[in-house]
Amino acid sequence: MTSSQLFNITTIAYFAAMILFLSYLVIRSPRVGLIATLIAWAGFAANSGAILARWMEARALGFDQAPLSNLYESIVFFAWSILLFYLLIDLRYRQRALGAFVLPFAFFGMVWAQFGLNDAIEPLVPALQSNWLTYHVITCFLGYAGFAVACGASIMYLLVAGKDGQKPSGIRALFPDSRILDDINYKAIMIGFPLLTLGIVTGAAWANYAWGTYWSWDPKETWSLIVWFIYAAFLHARFTRGWVGRRAAYLSIAGFAATIFCYLGVNLVLSGLHSYGG
């Protein structure tokens, strides 16, 4: 089976899981939630197999490179990272409703990658021919995935905030307690932030290897620093000011919006050393 076929299976599985998670909010059937989770695991397995198959296909073409070299490959890896992070959170918290707010990030990413991006396997430009590329991309996207899960939990938090002490109604009856959502938001950022930091450090080392300088205020570097400061401010406010609840949720959502712009907006709108990623 080729990587393209496995990516198709991945997209279908993520779509089915997303619909079932949304149905779970309406039907309120634990069985539907369980089936959605199992399909999400199946999609994650297909996504893992697809990335591995693409790696083997690149090697068969004579390219000794990890499948992280262009926007298409980074999007499908981002989707894989989101599912990895979400499924680990699900093992810890068992809050199936969260899937309805996290799976769409992975599903729409896969749709865009498959229908809107060039999926050709091409050789790396000289600047990318370094193991630092693998270290840098993996750490950054695992950090981004943590922020995606935190954003989903924050959106749910804002939907239930102020409802504590009241009998939940409608689909909110299946939402986790606001304290659990706030804890998921905090824990996801607590894991994502050091990964992003490591991604920036490895990126600086890679830049020095490729261009002879650790930092050049390239638009991607500048926006990476902005994202880092937003999440540093989140943790600082949490530790020193006791920021929880709505303020933490708003800051988490703003941080993820900045993350998406740093990842996609800079590549697609601005020019710079990372323009090859588009």
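# Exercises on a Predicted Two-Domain Model

Leaving aside neighbours within four places in sequence, Ala-36 is in contact with Ala-17, Leu-20 and Phe-21. The structure is a predicted model, and the exercises below begin with this residue.

## Exercise 1. The surroundings of Ala-36

Determine in which helix Ala-36 lies, and whether Ala-36 is buried or exposed.

Solution.

Step 1. Locate the residue: Ala-36 belongs to helix H2, which covers residues 30-60.

Step 2. Consider the accessibility. The relative accessible area of Ala-36 is 0%. The limit for a buried residue is under 20%, so Ala-36 is buried.

Step 3. Compare with a distance along the chain. Ala-36 and Ser-4 are 32 residues apart in sequence, and their C-alpha atoms are separated by 23 Å.

## Exercise 2. The two domains

State which domains the chain is assigned, and describe what lies between domain 1 and domain 2.

Solution.

Step 1. Read the bounds: the assignment gives domain 1 as 1-124 and domain 2 as 140-277.

Step 2. Place the domains relative to each other. Their C-alpha centres lie 20 Å apart. In the contact between them, 25 residues of domain 1 meet 31 residues of domain 2.

Step 3. Examine the buried area. Domain 1 and domain 2 bury about 2500 Å² between them, and 82% of this is on carbon and sulfur atoms. On the side of domain 1, Phe-78, Phe-85 and Phe-101 lose the most area to domain 2, together 27% of what that side buries.

Step 4. Count the polar links. Between domain 1 and domain 2 there are zero salt bridges, while three residue pairs are in polar contact.

Step 5. Assign the contact to helices. Helix H1 (3-27), helix H3 (71-93) and helix H4 (99-116) each supply at least two residues of the side of domain 1 that touches domain 2. H3 gives the most to this side, with 13 residues.

## Exercise 3. Salt bridges

State how many salt bridges the count comes to, and examine the pairs of Arg-96, Asp-177 and Asp-182.

Solution.

Step 1. Recall the principle: side chains of opposite charge can pair when their charged atoms come close. The count for this model comes to six salt bridges.

Step 2. Take the pair of Arg-96 and Asp-90. Their side chains meet in a salt bridge at 3.5 Å, N to O. Both Arg-96 and Asp-90 are buried.

Step 3. Take the pair of Asp-177 and Arg-179. The closest N and O atoms of this salt bridge are 3.0 Å apart. Asp-177 is partly exposed at 30% relative accessibility, whereas Arg-179 is exposed at 67%.

Step 4. Take the pair of Asp-182 and Arg-238, whose side chains form a salt bridge at 2.7 Å, N to O. Asp-182 lies in helix H6 and Arg-238 in helix H7 (residues 219-241), so the pair ties together parts that are 56 residues apart in sequence. Asp-182 is buried, with a relative accessible area of 9%, and Arg-238 also counts as buried, at 15%.

## Exercise 4. The cysteines

State how many disulfides a search of the whole structure finds, and explain why Cys-151 is in no disulfide.

Solution.

Step 1. Give the result of the search: the whole structure contains zero disulfides.

Step 2. Check Cys-151. The nearest cysteine sulfur belongs to Cys-262 and is 15 Å away. A disulfide requires two cysteine sulfur atoms within 2.5 Å, so Cys-151 is in no disulfide.

Step 3. Check Cys-262. The nearest cysteine sulfur here is that of Cys-140, at 7.8 Å. Cys-262 is therefore in no disulfide either.

Step 4. Add the accessibility. Cys-151 is buried, with a relative accessible area of 5%, and Cys-262 is buried, at 1%.

## Exercise 5. A helix residue and two loop residues

Describe where Thr-202 is found, and which value of phi Arg-94 and Trp-217 have.

Solution.

Step 1. Begin with Thr-202, which is found in helix H6 (residues 178-211). Thr-202 is buried, with a relative accessible area of 9%. Beyond residues up to four places away in sequence, Thr-202 touches Trp-132, Tyr-135, His-136 and Thr-139.

Step 2. Turn to Arg-94, in the loop between H3 and H4. Its phi is near 55°, a positive value in a residue other than glycine.

Step 3. Finish with Trp-217, in the loop between H6 and H7. Phi of Trp-217 is near 55°, again positive in a residue other than glycine. At 56% relative accessibility, Trp-217 counts as exposed.

Terms used. Residues are numbered from 1 along each chain as its sequence is written. This is a predicted model: local features need pLDDT of at least 70, side-chain atom pairs count only at pLDDT 80 or more; totals for chains, interfaces and linings use all residues. Side-chain values use heavy atoms; hydrogens and water are left out. Buried means under 20% relative accessible area, exposed over 50%, partly exposed in between (1.4 Å probe, protein chains only). Domain bounds come from an automatic or database domain assignment. Contact means heavy atoms within 4.5 Å. Buried area is the accessible area (1.4 Å probe) that two parts lose on being put together, summed over both. A salt bridge is a side-chain nitrogen of Lys or Arg within 4 Å of a carboxyl oxygen of Asp or Glu. A polar contact is a pair of N or O atoms within 3.5 Å; within protein, one must be able to donate a hydrogen and the other to accept it, and residues adjacent in sequence count only if both atoms are side-chain atoms. Helices (H or I, at least four residues) and strands (E, at least two) are DSSP runs, numbered from the N terminus.
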